[in-house]
Every structure is written in C-alpha cells, then in structure tokens.
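Biologist: I would like a close look at one small part of this model, and then a walk outwards from there. Could you take it slowly, as for someone in their first year?

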Amino acid sequence: MVSQLSATRKGDSAILEARHLTKTYGSLTVVKDINFAIERGSSCAIIGPSGSGKTTLLGLCAGLDQPSEGQILIDNIDLGALDENGRARVRNENIGFVFQNFQLIPTLTALENVMVPMELRGNGSPTDQARQLLERVGLGQRLSHYPAQLSGGEQQRAALARAFINQPKILFADEPTGNLDAETGKLVIENLFSLNTAFGTTLVIVTHDPDLARQTGRVIRLKAGAVVSDG
Amino acid sequence: MSDLVKHLFRAWTWRMCWRDCRTNRARLLLFSLSIVLGVAALAAIGSLGANLARAVEEQARTLLGADLSISSRRPFSADEESLFKKLGGTQARQISFNSMVYFSSTDGSRLAEVRMLNGGFPFYGKFETEPQSAVQDFKHGAGALVEENLLIQFDAKVGGTIRVGRLTVPILGALKKVPGESAALAMISPRVYLPMKALAATGLDGPGTLSRHTVFFELPKFTDVESTVKSIQPQLDKFRLSNETVEKRKKELGQAMENLYHFLNLAGLTALLLGGIGVAGAVHTHVRQKLPNAAVLRCLGCGVAQTFAVYLAQGIALGVAGALLGMALGAAIQGALPKALASFIPFDFQFRIAWFAIVRAGAIGFCICLLFALLPLLTIRRVSPLAALRVAWEPAAAARDPLRWLVGIILVVALIGFGLGREGDWRMALGYAGGLAFVFASLAGTAAILMRLLRKWIRPTLPFVLRQGLAGLHRPNNRTHLLLFSLGLGTFLISAILLLEHMLAGDLLISNGKDQANAVLFDIQREQSPGVSNLVAGLPLPVLDELPLVNMRISSIKGRDVETLLADKESHRASWPLRREYRSTYTDHLRDAEKIIAGQWIGHVTNADTIPISVEEGIAGDLRVGVGDEIVFDVQGIPIKTRVASLRSVNWRRMEPNFFMLFPMGSLENAPGTEVLVTRVANSAQSAQLQRAMVKAFPNVSVIDLTMIVQTLDAILQKVFFVVRFMALFTVLTGLLVLASSLVTGHFQRVRESVLLRTLGASDRQVFGILLVEYAALGIVAGLCGELLALAGAWALARFVFNIPFAPNALPVILPLLILPVLTSAIGLMMSRGILNRPPLELLRVESA
C-alpha cells in the first residue's frame, strides 16, 4: 500500500486535481471532460442547477466513485491507481465529509459518531479530542445524545465535528445547509469556516446557495456536466 | 479473506458491532430465536441417539437373552440335534405358535403367541413380571406368564386361569418385558409363556399347528460366537435353519435405531432449515436498514473488509446466541424424547445428557444460521460510499454476486452433509435435500400463482381498506414469500400428516367394510371342517368362504435347487422367499382382491405332471420367475412340479386370507393340510361369542378378529403419528417464530405507512382494518399454499407409498385455513400495538432511532 501510494505522488502544488474527468452511466454522460486544480488551504464552491453533475463531481473528487475517463489526484495521489481499500485509507487520512442529510450513524451517540474516523485509524479511544470538537461547535451538553434526539442543526454540527476530527487536508461539503432553515444554516456555515481556518483545511462545497458560494475564494459553475465558468 | 479475519480479531470491530446494534439487540435476539427450536431438536435427538447407541452396546447380550439362537419351522431332526450337541454350552428350547387363549375371568378369548419354554432362557437379562417372583414359579412349571395388556383387556388377575388348547393353567404373573422385544411388538402379538412340558396337554402339538422351534445357547465363556456360526453355516443352510447372534441382533437393532435417529434428525434439521430461512429474511431487512450506516463508514475511511466485518460480527453473535439458547433448551427437553419413543425401543436405558451431541447441535445450528445470515450480509461488501451522497442508491443485483452463489452451494453441501447421518447414506441425504428443494419450489410456485391471482383481483372498485391491506402483500421489500415459506411449510407438514393419518385409519375401516369378512378361523383340521362350519352357521353367522391350506417349501426354481440358489451370492436374490414356508391353497376361482396381470388363470387340472399355478407378482419378482418358469415344491417330503401359468396382483390391504401361490382344483386335494373359514361378525359381542364357542368345541382352532387387528394397527399408527407430530411441532413452532421476527422486521415500514395514512386523515379504525386485512390475507394465502401442497403430498404418498385410495378428510384441510389467519392476525396486531394510539411524530422519532 505504501509503495502504491508513493508511486502516485507527483508534485506538491495542488491538493486536488481533476484531469479530463468524465463520468457516464450507460449512454448518459453526467460529467464531461472536466479539468481543474484546487490549491492547498483554499476554499471553493461548485454550483449549478439540479442535474448539472455537482454531486457526481463531488463523489468522483472524494474517491467515492470511479471516473469513466480521466484522473483524480488528492495530495498528488492518483485515486484511480488505488483499489477500494486504498481509496478508503486516503479518505480516512486526507478527507472529511459533510452531507446534506447529516449521515450520522443513528445507533451511535454524538460523541461516538465523532470518534469513529479516529478509531478507524487505530488511534484508540479519542474521547478527549471528540469532546473538545463537540464543545467547539456548541454541543458540549449533547455528547451522549443520539442523532434522533438532536435537531437538524445540531446533527449537522456534530457531523462537522466528525469531519474535522482527523484534521483532513480537504473537506467536501455537499449542500451542508440544504436541510436547514436560514438561521440554523448560518450557524453551521460559521462553524464550518471557523474550523476550516483553524485546521487549515481545503474546503470544497457543493451548493445551490449563491450567498454561501460567495463566501468561498473560488466558484466553479457547472451546466449539463461541463464547467461553464471558473473563478 | 485474510483482511476480514484480521478485522474480526480487532476490538474496534466488535465495539462498533455492539454500538451499531444498540437499538436492535432485542430484535436480533428475536431473529436468533428462529434457530433455537431447530438446535434444541437436534440436541435432544443427538442425545437420544448417543444414549441408544450406548444402551445397545451395554445391553448387547440381553438383546437376545442368549449367545446364539437357532430356529426352524419344523421340529429339529436327529442330524440337527447332533449339530446342536456339538456346539456345547447350555441350551434352552422354545416352541412358539399362535393359538387362542381363553380367559375364564371374563369368558373371553384372544389369539396370542404361545411360547412353550424350557431351560434357563433368558441366559442374559431377565423377564420382567409382576410379581417378579412369578419368573421363579414359572421355572418350576407352576403355570403361565401372560402379557400384561392381555390381563388388563380381559380383566384377568394373577391367580386366575387361562386355557390354551385343552390345557387350563393358573396365571403366575403379568409379563411386562422380554429381553430384546419392544412394547409395540407385544401389541401386535401378545405373548403367553407356558412350560414346555405342558405342550402335550394343550393338544396343540399336532401337524396342523404352524410352530417355530428355537434352541437358545449359552456358550462357554470366551467362545467366538461369530466364528462358531461361520463354521456351521453350510450345515445351517443345508437344514434351512435360521440363526441369530448377539452381534447380528446388535447390528439389526443398531440399524433400526439408526433409522429412527436418522428420521428424527432430518425432522430436526428441517426445523433448523426453516429457522435459517427466517434468519436470512430477518437479516435481509436488518441489512437494508444498515446500508446507510455502512456507506457512511465507508466514506469515513472504513475499508470493505472492515465494514463487512462489523456486520458479520453481528451475524456471528446472532448465530452464537441462537445456538446457545437452542443448546440450553435442547438439554432441558431431551428427557422428553425417550418418553415419546418408549414403545418403539426394545430395551430400557438410563438417560444421560450427551454433551457432545448438544455441542454438535449447537455447532450445526451456528453454521446454518451464519450461512443463511451471510446471504444477505454479503450485500454490505457491495455498498458504495456514494450511497451516503445519493439516497436512491441501490446495491448491485445480488444474483450476480459469485460469493453469494458460493455461500449457497456451501449451504446445500452442508445440509446434505448434516443429513447424511452417521451411516453416511448419500441417497437418503440427497433425497432429503431434493425433497426439501421440491417442497420449497412448490411453495414458491404456489405462492407466486396465488399472488398473481390476488393482484388481478384487486380492483379500484374494492373498498379502500381491503385494497390497501391486500396491496401490502406485494409492496416493495414485503415479507410475503418468507412468511409463505415458514407458515406454508408448517401447514404442509401438519396437514399432510393429519390427512395421511385419517386416510390410513379410514382405509383400515373401509378394507374391513360392511359386506366384507372380518373374522378368520384357521388351523381347522380337515376332519373338523364340517363341525366348525356347522357351529359357525348355528350361531348364526355366514360362512363366507372355506379354503384348504397346504404347507410347502420351494425345492428348486428353473432346475436349480434352493441350496444352489442361496449359495449364489452374485444373483443378489433375497433369501427369505427361498427359505420360507408357503401356505398355499387350491381353488377354481379368483377372489375380488386378485387380478391376473400376466399369463392365464387355470382353475382345474386332472392328472397333470406339471401343475399350472398362479404366483403373486411381488413374490414372483423376488423369486425372479415369470410365466412359463418351473418351480418344484416340497409338500411334506413329496416333490410337486409346477409351472407359472399366470401372475396375479393381490390387494393385501383386504384383511382376508390371501396367498402367494394359488394351485388349481385337482392338484393338492390329497396333500395333508388344514382349512380356513371366513365369516363376518356384526359386533364385538358376536365376535366374543364365536371365540368362546370355538375355544370350547375346537380348542386348536384359532380365530382372528380383524376388527381387533384394525384397532391394534390404529393404536400403533397413533403412536407412530404422535412421534411424527411431535417432530413436526418443532417446525411449526419455528414457523411461528419466523412469523414473529418477520413481522418485527416489517414493523418500521408499517409504522411509516400508518403514520402517513393517519397524517392524511385515516382513522384508527381504518389503519387497524388495513393491518388486519394484510395479516389475515397472509394467513389465508399461506394456509392455501400449505394445504395445496399437503393435498398433493398426501395424494402422492397415498398413491405411491401406501397404495391406498386418496380420500382426504375435510377437517385437516379446513382447520389450518381457519386457524392460520386468526393466528397471523393476532400475532401481527400484537406486534403492531402502539401504532394506533400514539402520535405519528413520536412514533417516527422512536422508530428511526
């Protein structure tokens, strides 16, 4: 695994690089020949109408899916050269996720949910780090609550804590405020940017929300699976 | 694979497994209950098997009561006696025959197996009598030991008298057990022991009595009995003597016990298999609910093997819990099985818990449970992390997963392996697996047809509640097929058993119908014939038939003498048809139960050198003779040359005298023999009157009351079916557990639907009605599936195995159809309690947690 990973290392400039990325499902092309690179520590929004291929692009960039053509490099590691377990390891060591529907594991408490990524690394029982992160997002009193006992905003903040516990190099957020009201959404975004700054993480947000997109340093606009503007 | 094993030994995997099932533990435990009864049955049966094997080994010598027994249908000749003398040791003699026994206490009589005994038999083991001192009194020749059941039947007491033939003797004791003989055997043929010296006084020692002469040997210590028998085998064959040794009896008994064990084991395995299917169905739903969690774990960097290990650990825990509970239950109930089977086991045995059998049952249960759980669990391997992003993500078609096929194959091989039994009978195991596959395929097919009909039947014009309830049977992820399997199989087993039970019992009664003979008088000496006929006619009873009987043996077939044929091991011919004594008749006509199937019936001959005879088709097959073949019979030392003129089918179920060999008139009139008279008695009082009159006037004549035989057979059938029902009960109860666990797994879906309906304005009554319709319909469809299959199975068994007319009783068909819907509705509504009277939002919050 180590040799496989080092063999794919190339340069050191971009944390994420998409090269001629194409994804087709049967005869349907969802993502067409997309190229971009995202600098380490920057933030970027991918926007576009429904069906424009945003979520597919996010899935490909995060190594959740395999492109039909092209390459994805995360921290100069070619995801296409790795097997599924290799990609899982890259995700665990380099990537954090925030989902529109929170995706907390319903049978785990907030604290246990946050601990999972570190436990997967074999770092024992990282209770202290998880507690600190949950306190930081305002859930210090909700540690032993299950997702069903938390509000939507609280669930998303717990998800944020889980995404940052491994201090990922890059964080992908898929419509992080999509299931929240404006007030709660604002609070989550504040937490997101604050943690991003604190950990120096690269942030890639897929969103419909132009206000949220404006808060990032770069906006990639998609239409019908192709990049129509980038800047 | 190594990755998976590695992760299974990591603490995190088990911690995550424990956390992940936090809200489902009770549910998982319920799933594991599906296999509990199967494991318990296997544990109890395994213990029984181990105990039986131990008892056979420990009590080997008492199984025969002697080291060696040699017997013949004729009195032993001087040559035979000199052979016995050479064998040495201590001898005991027995002459046994069937005769009427008259009880003075109630003025009643019954046919019994009379055994005239002298010497110290049994040399090993002992007669069990009440009082036990009766055995010593018997040895002093003071009277008779009489089967306990006979004494109860005729209200006779120890100290009273019985008459056998012309001899009246006191009853010394009630005979409870004879070494190596089962209680069921005693029911068919009740035993009466008399001292040998009383034989002449009975007047039953004449040539007309068909008796068996046996000599029992207690050989000197350390004699190699098997080698001794081997050394005299040529002489035994020459004299047509049969023999039995402890080893032979042990082997036969061991085989019989093995067959019994095997049957019970397969019944237990069926319950386990059904439980396994229940586990697969429940785990399938569990896995579907866990797919999002698995996807999130994958997103967070959990590898394929690691994620799979978490859920496999749950499957392992499920199997361990089910196996442990089953083992505990098996240990608790294993004492019950020997009691259920007591009548069929010809020896007493001390019941001890067989730990190996319990552990083995647990291991089998665990393997079956895990393999069935693996089928749905394998889906976890195919969960894409993308499923966390896209709610609509579905796993790839499971049918294409080669690992799933591999698990399926392992499962089939394991089932065949477990079904092999200790003797490793492949044909039986394959037959079992094939039979089960057929039953499941039939259930699936019937279910599919019924579901299709149901779909067609649902019209928009039907009331909303009915339509909605029925639609639940084929909603996505429905449990319909699983429930049809579990409930259908249970219904099928119970109904098929009940149907068959009724048909067999009914057939006995029909065979003994109004116009047919139901009493047979045999051992009538030729000179007694007019007197017996007159006595019968004077009672007054009809003389329906009178038949002469001539005893004979086969000397040669197609020019080859019997000794040569017996020595020919290559021919794989059964030896008993060659050795046996045939009681044949001569007649000019065929009876209703007989039909010529080949050749030509000849009813008369005059001075023929070669007599044309008719041979029953079954025995003709065993003897390997056909039309035109020559058979020479030995009739009291005179060779009678015959030719097979025809082959006959005989309806043996007709309880009247039937014969393997029929001779024409003009052939055997001068041969010594006896006669049989057939009559019909209207009731048991008339039967008793006939028996009393006959015992008094012609004590050597035996009367068989077919009504009593029917009752005895019915009693034995009841015992057999009790055991079968007892084992089927495990499957039926497993079916109910599967039903409960299946309804629990479908609970969340029902809650969501009910909440949605209530949000849209449905009343509690309507929601209740929908649930009721769905559960009741499930019960009806499962009942129909099971019943259709039971009818087909009962028909096939009646037609091809028991050869009886298919006449199903309505009760076993109707009863499950009434009970099942009530049962499914009751359990279903019980599982759904709380849906109706709690606020929708509260329910959703609780369920989604």
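Biologist: In which strand of chain B does B:Pro612 lie?

Modeller: Happy to walk through it, and please keep in mind that this is a predicted model. B:Pro612 sits in strand β16 of chain B, which covers residues 611-616. Is B:Pro612 buried or exposed? A residue counts as buried when 20 or more other C-beta atoms lie within 10 Å of its own. B:Pro612 has 21 such neighbours within 10 Å, so it is buried.

Who are its contacts? Leaving aside residues up to four places away in sequence, B:Pro612 touches B:Ile602, B:Val605, B:Arg643, B:Ala645 and B:Pro664. You can also try a distance yourself: from the C-alpha of B:Pro612 to the C-alpha of B:Gln600 is 9.4 Å, with their positions 12 residues apart in sequence.

Let us stay in chain B and turn to a helix, α10(B), which spans residues 246-299. Of its 54 residues, 39 are buried, so the rest of the structure largely encloses α10(B). Follow it along and you will find a bend of about 45 degrees at B:Lys290, with a proline, B:Pro292, coming within four residues after that. After the helix comes B:Gly301, which has a positive phi, near 105 degrees.

The helix α10(B) also takes us to the other chain. Where chains A and B touch, chain A supplies 26 residues and chain B supplies 24. On the chain B side, the elements giving two or more residues are α2 (11-20), α10 (246-299) and α27 (840-848). Of these, α10(B) contributes the most, with four residues. Sorted by class, that side of chain B has 12 nonpolar residues, six polar ones and six charged ones.

Now cross over to chain A. It has eight helices and 10 strands, and 51% of its 231 residues are buried. Among its contacts with a separation of 6 or more, 71% join residues 24 or more positions apart.

Two of its helices make a nice pair to look at. The axes of α6(A) (residues 152-164) and α7(A) (residues 182-199) come within 9 Å and cross at roughly 10 degrees. That angle makes the two helices, α6(A) and α7(A), roughly parallel. On the α6(A) side, the residues that meet α7(A) include A:Gln156, A:Leu160 and A:Phe164; their counterparts in α7(A) include A:Leu187, A:Val188 and A:Leu195. By class, the residues of this contact are seven nonpolar, five polar and one charged.

Finally, look for the sheet in chain A. Six strands make an open sheet with mixed pairing, in the order β6-β7-β8-β3-β9-β10. The edges are β6(A) (95-98) and β10(A) (226-230), each with a single partner strand, so each has one side without a neighbour in the sheet. Ignoring direction, neighbouring strands are turned by 20 degrees against each other on average. Within the sheet, β3(A) (residues 43-47) and β9(A) (residues 218-223) run parallel and are joined by four bridges. One pairing to pick out is A:Ile46, whose bridge partner in β9(A) is A:Ile220. The helix α6(A) returns here as well: it packs on the sheet and touches β6(A) and β7(A) (170-174), with a direction at about 175 degrees to that of β6(A).

Definitions and conventions: Residues are numbered from 1 along each chain as its sequence is written. Chains are lettered from A and ligands numbered from 1 in the order in which they are written. This is a predicted model: local features need pLDDT of at least 70, side-chain atom pairs count only at pLDDT 80 or more; totals for chains, interfaces and linings use all residues. A residue is buried if 20 or more other C-beta atoms lie within 10 Å of its own, exposed if 12 or fewer, and partly exposed in between; C-beta atoms are placed from the backbone. Two residues are in contact if their C-beta atoms, placed from the backbone, lie within 7 Å. Ala, Val, Leu, Ile, Met, Phe, Trp, Tyr, Cys and Pro count as nonpolar, Asp, Glu, Lys and Arg as charged, and the others, Gly among them, as polar. The bend at a residue is the angle between axes fitted to the seven residues ending there and the seven starting there. Axes are lines fitted to C-alpha atoms, for helices over the stretch in contact, and angles run from 0 to 180 degrees between N-to-C directions. Angles under 35 degrees count as roughly parallel, over 145 as roughly antiparallel, 65 to 115 as roughly perpendicular and the rest as oblique. Two strands pair if DSSP finds at least two bridges between them.
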